[in-house]
Amino acid sequence: MTAPSPTSPAVPASSGAPPARPTLRAESEAVYAALGTGVVGALWGLIVALIWPALPLSGEDWSFGTAAAIGAAIVAGAASGTGYWRSRGLTGQEWRLRLSSWKFTVNTTSVVVVHVVLAALATLVVYLVLSRGFIGLVVSRFWSITLMAITLGLTAYLVYLSVSRIDTQRMSSLLMAFIVIGTLTAMITTPDPQWWMIHFSHLGSFWALSSLVFNGTLIAGGLLVTTFAVYIAADMESLVAEGKLARTGSPRFVSVLFVVMGIMLACVGIFPVNVNLLLHNLSAMGMAVMFLILLASGPRMLRGMPRT
């Protein structure tokens, strides 16, 4: 490695040119978090083994996978909240230091919720798959301690690194994964197997866990869209500063549209069809209208960008 030339022009902090990536500090902290959480996981595994001996890996009732998913969700919440807060000063993320407290709170909440849900669902799926490979296996005390330590430690490591490298592209990937997985979970757990003969909103109309998952996914997804809007605005402000975007007002215009879309998406989940059909439909149509405005205004708001 060679040091930069003293005469080289300084890169402005707001340029956002370098992509967000974990530093050695973030990598080290993720490893320490994994080791510490592994110890906690071993203790949780011991408690589970003492209270519920000989649990199956997975099942409709209480299982080792369920206990592991609860632990993974708690660990993901702690790791994502801590990691997201500590990564504000990393290269490419310095602009987050200038956010107002309420914006940072909303962003942190959405990031934490997404990682908690994804960690819990991923853990459930892993142990479901393992139970299909080890049919009839019950978890002994030794394996309860070992598997729980590995599960929680790995969760802490992956989640900490994930929130330490969040940028606009990663945020969009998290948003897509969260909504798709949440919707699929609601689809396979719904009490009405013929829901698809009506409409998607029918998934949220039952007084059951599946509807809670579906509506909760829309609400949390809407919150995540508002966070995505903040990242979009930061990227576009950097492009304006670099002269790549012609209209200085485009970052605010586009981000406001995304924020409204996020609020409308959340309202679709807040007002299911069986609770308030009018507000549900108005929220869905409002989201569609905002998206159409975003598309129609694209050539004007993004003037200076490549035509594609």
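**Note on helix packing and a nonpolar patch**

1. In this predicted model, helices H1 and H2 are roughly antiparallel to each other, because the angle at which they pack is about 155° and angles over 145 degrees are counted in that class. Their axes lie 11 Å apart, and the crossing of H1 and H2 is right-handed.

2. The two helices of this pair, H1 covering residues 24-51 and H2 covering residues 64-86, also bear on the surface, since each of them supplies at least two residues of a nonpolar patch. The patch has an area of about 660 Å² and is formed by Ile 47, Leu 50, Ile 51, Trp 52, Trp 62, Ile 70 and Ile 74. The greatest share comes from H1, which contributes three residues.

3. Among the patch residues is Ile 70, which is located in helix H2. Is Ile 70 buried, exposed or partly exposed? Ile 70 counts as partly exposed, because its relative accessibility is 39% and that class lies between the limits of 20% for buried and 50% for exposed.

4. A second helix pair is made by H7, residues 250-270, and H8, residues 277-301, whose axes come within 8 Å and cross at roughly 160°. That angle makes H7 roughly antiparallel to H8, and the crossing of H7 and H8 is left-handed.

5. For a reader comparing the two pairs in the structure, the handedness is worth setting side by side: the crossing of H1 and H2 is right-handed, whereas that of H7 and H8 is left-handed.

Methods:
Residues are numbered from 1 along each chain as its sequence is written. This is a predicted model: local features need pLDDT of at least 70, side-chain atom pairs count only at pLDDT 80 or more; totals for chains, interfaces and linings use all residues. Side-chain values use heavy atoms; hydrogens and water are left out. Patches are made of residues with over 30% relative accessible area and no salt bridge: like charges are joined within 9 Å, nonpolar side chains (Val, Leu, Ile, Met, Phe, Trp, Tyr) within 5 Å. Accessible areas come from the Shrake-Rupley method with a 1.4 Å probe; for residues, only the protein chains shown count as cover. A salt bridge is a side-chain nitrogen of Lys or Arg within 4 Å of a carboxyl oxygen of Asp or Glu. Helices (H or I, at least four residues) and strands (E, at least two) are DSSP runs, numbered from the N terminus. Buried means under 20% relative accessible area, exposed over 50%, partly exposed in between (1.4 Å probe, protein chains only). Axes are lines fitted to C-alpha atoms, for helices over the stretch in contact, and angles run from 0 to 180 degrees between N-to-C directions. Angles under 35 degrees count as roughly parallel, over 145 as roughly antiparallel, 65 to 115 as roughly perpendicular and the rest as oblique. A crossing is left-handed if the near helix is turned anticlockwise from the far one by less than a right angle, and right-handed if clockwise.
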